[in-house]
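Student: Got a minute to go through this one with me? I'd like to start with the strands and then see what packs inside.
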Amino acid sequence: MKKKLLLGLTVLGAASMLCGFDSAETADSLYQKMSDATADVSGMSMSMGMNLDAAINVSDGTTDSSLGISMSGTFDVNATMDPVATEVIGSMDLSALGQGQHMEMKSYSVTAEDGGLETYSFAKESTDDEGSWAYNKDSNIDMTSLMDLSKSLTAADMADWGLTFTLAPEAATVNGTECYELSTVIDSSTLDTVLKKVSELAGEDLTSDQDVAMAMQYLDGLKLNITYYVDAATYLPVSMTMDMNDSDLTVLNSLIASALASEEGTSAELVLNDFSINATTSYGDVAAITVPQEAIDAVAAGEAASLDDVAENLVADAETEAAEAATEAVAE
């Protein structure tokens, strides 16, 4: 099942490789140019920045208050193709409920001896002197096959999975490089199409799963705008932007309202001023990615948590913090 779901994510991820469009040619021929350009790429390096600027506005009918929420982060990403491996190192600054927090993070995903995927992740908060490792291994995932799959997808395949692209009529310039500007949107409709396709491959209706249905409910109205800037000479993507600034927050605001149900006459809404990611990419040889010995030792000693448990705790913490933020805004 997890392998089928990962296939869906692979299709979405392959969108980041669809590039080099020219309105005088077909999508398939241009996609082939991209495939030819990336076929011999041995490694990739990316510098990525994240930004969140939001607020929860609350009114009790007579007075209005606002609680700001912000996040900024920078990450350096390296990837090798043979063997398939990724390294992500960065930090984030968070501010909410009048308190700030700094977090250091690093993650290593490497191809295991059996061809599966091993992931080691480390997080250290400003209040934590040592930090902690988390680990996961999935032998059912064949990373080499998934990479080959992503390279074989055509523009028609992408459309079949709910992804369509728009090419800007004029070239864009990024750091002095003339680029094609290619954009797409991933929304609940796209995710629904991917879910149905994965259900067909899995031979069961994934929408009947309560957790999946709830996740889709939370995602309703959210919209991820993605724009790729593709070197007109090499057909390699050199820059990317993503944002959720056109999202409809009706569902999320209904959840916030539910958290304030006990406060009669009180209304609240989440205002999203900016939630975006910007990245620049370069290609070439990348040093071999190796997992730090301290991570291997933590797993061997049984000190590394499960990544699945970490993810579940993060979701639970996010829900709790959202409720606390709404309650705090009311109190103010």
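Tutor: Sure. One term to begin with: two strands pair if DSSP finds at least two bridges between them. Also, keep in mind that this is a predicted model.

Student: OK, so how many bridges pair strand 3 and strand 4, and in which sense?
Tutor: Twelve bridges, in the antiparallel sense; strand 4 is residues 99–111. One partner to look up is Gly100 in strand 4, which is bridged to Ser95.

Student: And what about strand 2 and strand 3, parallel or antiparallel?
Tutor: Antiparallel, with twelve bridges joining residues 64–81 to residues 84–96. Met71 sits opposite Leu94 of strand 3 there.

Student: How many residues are between strand 2 and strand 3?
Tutor: Two, and the two strands form a hairpin.

Student: Switching topic: which residues touch the most other members in the largest nonpolar core?
Tutor: Met46, Met48, Ile226, Met240 and Leu270, out of 31 residues in that core. At least two core residues each come from strand 1 (43–59), strand 2, strand 9 (177–187), strand 10 (223–231), strand 11 (237–243) and strand 12 (267–283).

Student: Which strand gives the most?
Tutor: Strand 1, with eight residues.

Student: What is Met46 in contact with, leaving aside neighbours within four places in sequence?
Tutor: Phe75, Asp76 and Val77, plus Ala279, Thr280 and Thr281.

Student: How many residues are in the other core?
Tutor: Eleven, and that core lies apart from the largest one. Its members include Tyr108, Phe122, Tyr135 and Ala295.

Methods:
Residues are numbered from 1 along each chain as its sequence is written. This is a predicted model: local features need pLDDT of at least 70, side-chain atom pairs count only at pLDDT 80 or more; totals for chains, interfaces and linings use all residues. Side-chain values use heavy atoms; hydrogens and water are left out. Helices (H or I, at least four residues) and strands (E, at least two) are DSSP runs, numbered from the N terminus. A nonpolar core is a set of buried Ala, Val, Leu, Ile, Met, Phe, Trp, Tyr and Cys residues joined through side-chain atoms within 4.5 Å. Buried means under 20% relative accessible area, exposed over 50%, partly exposed in between (1.4 Å probe, protein chains only). Contact means heavy atoms within 4.5 Å.
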